[in-house]
Amino acid sequence: MGVDPESRFEEIYGSSYGLLLGYALRRCPDPDDAADLVAETFTVAWRRIEEVPEGDEARLWLFGVARRVLANHRRGERRHEQRTAALREELAASRFIAELPGEDLSGMGRVFRTLSEEDRELLSLVAWERLDPGQISKILGISRNAVRVRLYRARKRFARGLSEAGIEYPHVVAVEGNAL
């Protein structure tokens with residue numbers, strides 16, 4: 001084998017990509033999954049380039065790898081579905097589900113939904129998760145001072161929205177503690 005590994009891989013990739021993609025597309029309902037299958041197959045080929053047989057045997061070897069990658073993907077999907085089903089059952093029995101707002105939101109809930117995603121996240125971390133600015137700064141990867149400034153502004157926007165909706169709630173702009 002006088003060809004360097006990179007050239008060999010490029011040759012194998014060029015001659016087999018379309019065939020493997022067709023194989024994957026016929027077996028995966030989602031084109032993104034098919035693309036992932038092909039990418040993973042070629043990743044294995046790159047790592048094991050010295051083991052890839054010569055000639056037409058390389059294509060067959062790649063199909064074997066693709067078949068195993070697909071089997072692993074399907075096993076992973078089944079495990080994910082099982083875990084999701086178990087989580088759904090656990091959540092259905094949870095007292096927290098009863099506490100979540102339904103579609104019939106209160107006036108405050110409707111105002112909350114009008115806020116930006118960033119404002120809702122900050123206010124939720126304070127009110128629902130009961131985190132302080134120091135803890136939030138670690139989660140968001142920003143300084144404690146930046147959290148305080150953003151939180152102050154989010155609270156002001158929320159209070160303004162409540163006021164515009166005619167909702168009286170004096171604790172909304174509290175600077176420290178867990179009140180919004």
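Biologist: Which residues of helix α6 are buried?

Modeller: In this predicted model, α6 spans residues 117–127, and its buried residues are D119, L122, L123, S124, L125, V126 and A127.

Biologist: What covers the buried residues of α6?

Modeller: The cover includes α5 (107–114), α7 (133–140) and α8 (144–164).

Biologist: D119 is an acid. Why is D119 called buried?

Modeller: The relative accessible area of D119 is 4%. Buried means under 20%. D119 therefore counts as buried.

Biologist: What makes the R157 and D119 pair a salt bridge?

Modeller: The N to O distance between the two side chains is 2.6 Å. The cut-off is 4 Å, so the pair qualifies.

Biologist: Which parts does that pair tie together?

Modeller: R157 lies in helix α8 and D119 in helix α6, so parts 38 residues apart in sequence are tied together.

Biologist: Is R157 buried, partly exposed or exposed?

Modeller: R157 has 35% relative accessibility. Partly exposed runs between 20% and 50%, so R157 falls in that class.

Biologist: How many salt bridges are found in the whole structure?

Modeller: The search finds six. Among them is E51 with R48, whose closest N and O atoms are 2.7 Å apart. E40 with R47 is another, at 3.7 Å from N to O.

Biologist: Why does the E40 and R47 pair count at 3.7 Å?

Modeller: The rule asks for a distance within 4 Å, so 3.7 Å passes.

Biologist: How are E40 and R47 classed for exposure, and why?

Modeller: E40 is at 34% relative accessibility, so E40 is partly exposed. R47 is at 57%. Exposed means over 50%, so R47 is exposed.

Biologist: And what class do E51 and R48 fall in?

Modeller: E51 is partly exposed at 47%. R48 is partly exposed at 33%.

Biologist: Turn to helix α1. Where is its kink centred?

Modeller: The kink is centred on S16 and is about 50 degrees. S16 is also one of the buried residues of α1, together with R8, F9, I12, L20, G22, Y23 and A24.

Biologist: What do the buried residues of α1 pack against?

Modeller: They pack against α2 and α3.

Biologist: R8 is in helix α1. Why is this arginine called buried?

Modeller: R8 is at 5% relative accessibility. That is under 20%, so R8 counts as buried.

Biologist: What lies 3.0 Å from a polar atom of the R8 side chain?

Modeller: The backbone oxygen of V52. A polar contact needs the atoms within 3.5 Å, so the distance fits.

Biologist: What makes F9 and F42 an edge-to-face pair?

Modeller: The ring centres are 6.0 Å apart and the planes stand at 85 degrees. Pairing needs centres within 6.5 Å, and edge-to-face needs over 60 degrees, so both tests are met.

Biologist: Which parts does the F9 and F42 pair tie together?

Modeller: F9 is in helix α1 and F42 in helix α2, so the pair ties parts 33 residues apart in sequence. Both F9 and F42 are buried.

Biologist: How do you know how F9 and W46 are arranged?

Modeller: Their ring centres are 5.3 Å apart and their planes are at 80 degrees, so this pair is edge-to-face. F9 lies in α1 and W46 in α2, so parts 37 residues apart in sequence are tied together.

Biologist: Are F9 and W46 buried or partly exposed?

Modeller: F9 has a relative accessible area of 16%, so F9 is buried. W46 is at 42% and counts as partly exposed.

Biologist: Which residues form one aromatic cluster with F9?

Modeller: Y13, Y17, F42 and W46 join F9 in one cluster.

Biologist: How many residues are in the largest nonpolar core?

Modeller: That core has 22 residues. I12, L20, L37, F42, V52, W61 and L62 have the most contacts inside it. Two or more residues each come from α1 (5–27), α2 (31–47) and α3 (56–92). The largest share, eight residues, comes from α3.

Biologist: What is L20 in contact with, beyond four places in sequence?

Modeller: V38, T41, F42, L62, F63 and A66.

Biologist: What does the second core include?

Modeller: This separate core has 14 residues, including L125, V147, A154 and F158.

Definitions and conventions. Residues are numbered from 1 along each chain as its sequence is written. This is a predicted model: local features need pLDDT of at least 70, side-chain atom pairs count only at pLDDT 80 or more; totals for chains, interfaces and linings use all residues. Side-chain values use heavy atoms; hydrogens and water are left out. Buried means under 20% relative accessible area, exposed over 50%, partly exposed in between (1.4 Å probe, protein chains only). Helices (H or I, at least four residues) and strands (E, at least two) are DSSP runs, numbered from the N terminus. Contact means heavy atoms within 4.5 Å. A nonpolar core is a set of buried Ala, Val, Leu, Ile, Met, Phe, Trp, Tyr and Cys residues joined through side-chain atoms within 4.5 Å. The bend at a residue is the angle between axes fitted to the seven residues ending there and the seven starting there. A polar contact is a pair of N or O atoms within 3.5 Å; within protein, one must be able to donate a hydrogen and the other to accept it, and residues adjacent in sequence count only if both atoms are side-chain atoms. Rings of Phe, Tyr and Trp (its six-membered ring) pair if their centres lie within 6.5 Å; planes under 30 degrees apart count as stacked, over 60 as edge-to-face and the rest as tilted.
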